[in-house]
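User: I have a single chain here and want one part of it examined closely. Please pick the part that holds the annotated positions and take me through it, then place it in its surroundings.

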Amino acid sequence: MTEKLIASPPPVLKRPSRPYREPRERAYKVAHNLLVSFRYAGAGLVYAFFTQRNFRIHALVGTLAMSLGLLLEVSNVELAVIALTSALVMAMELINTALEAVVDLTVGSDFHELAKIAKDCAAAAVLMLAIAALTIAGFLLLPPLLNDL
């Protein structure tokens, strides 16, 4: 009894059509063009600047580092490194703020050990990047600063 098993072709998978959803009054909307996307991003920056003390501190320190770099006439590459590391610290602070908001939304006012871990680790990531940025700025700005003294 030697029967050959004939494999049937795999079924054709159709992409399901998007179901109609009733518009929700306070739901966030998808950006329909690039300008709206930038407006949403700007709203996030404004929110972070006016509500997050640490974001303001990072912005101030980054501005001071860039100003000092310009004053000391460090190279364009060194200024770019300072600008990049400052922007990375502020971006990480934005991610930290977003994560904290999501955790608060999920957990509410109840204490949960995993929520604490998530928030602490996100804050630690900002701290590590801020220390790295200060170290880099120190390496780039201290030698010309000490030479001018």
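Analyst: Glu100 is found in helix 3, so that helix is the place to begin. Helices here are DSSP runs of H or I with at least four residues, strands are E runs of at least two, and both are numbered from the N terminus. The model is predicted, so local features need pLDDT of at least 70 and side-chain atom pairs count only at pLDDT 80 or more, while totals for chains, interfaces and linings use all residues. Residues are numbered from 1 along each chain as its sequence is written, and side-chain values use heavy atoms, with hydrogens and water left out.

Start with the annotations. UniProt, in an unreviewed entry, lists Glu100 for "binding site". Glu93 is also listed there for "binding site". The unreviewed entry places the feature "active site" at Glu93 as well. Such annotations may be inferred rather than shown by experiment; feature names are shortened, and positions follow the numbering used here.

Now the exposure of these residues. Buried means under 20% relative accessible area, exposed means over 50%, and partly exposed is in between (1.4 Å probe, protein chains only). Glu93 lies in helix 3. With 3% relative accessibility, Glu93 counts as buried. Glu100 has a relative accessible area of 24%, so it is partly exposed. Across the whole chain of 149 residues, 19% count as buried.

Two further residues fill in the picture. Asn96 lies in helix 3 and is buried, at 6% relative accessibility. Ile95 also lies in helix 3, but Ile95 is exposed, at 53%.

Each of these two can be paired with a residue further along the chain. Asn96 and Ala123 are 27 residues apart along the chain, with 6.4 Å between their C-alpha atoms. Ile95 and Ala125 are 30 residues apart in sequence; their C-alpha to C-alpha distance is 9.9 Å.

What does helix 3 pack against, and at what angle? Helix 3 covers residues 76–107, and its partner is helix 4, residues 113–148. The angle is about 170°, and the axes are 9 Å apart. Axes are lines fitted to C-alpha atoms over the stretch in contact; angles run from 0 to 180 degrees between N-to-C directions. The two helices are therefore roughly antiparallel, a label for angles over 145 degrees. The residues of their contact divide into 20 nonpolar, 2 polar and 5 charged. Nonpolar means Ala, Val, Leu, Ile, Met, Phe, Trp, Tyr, Cys and Pro; charged means Asp, Glu, Lys and Arg; the others, Gly among them, are polar.

Next, the approach to helix 3. Glu73 is found in the loop between helix 2 (53–71) and helix 3. Glu73 has a positive phi of about 55°, although it is not a glycine. Most residues other than glycine have a negative phi. Glu73 is exposed, at 71% relative accessibility.

Finally, the wider context. The chain has 4 helices and 0 strands. From the N terminus on, its elements run α-α-α-α. Helix 1 (residues 34–51) has 18 residues and should span 26 Å at 1.5 Å a residue; its end C-alpha atoms are 26 Å apart, which agrees. The expected span is 1.5 Å times one less than the number of residues. Asn33 caps the N-terminal end of helix 1, with a side-chain oxygen 3.1 Å from the backbone nitrogen of Leu35.

Methods: Angles under 35 degrees count as roughly parallel, over 145 as roughly antiparallel, 65 to 115 as roughly perpendicular and the rest as oblique. A polar contact is a pair of N or O atoms within 3.5 Å; within protein, one must be able to donate a hydrogen and the other to accept it, and residues adjacent in sequence count only if both atoms are side-chain atoms.
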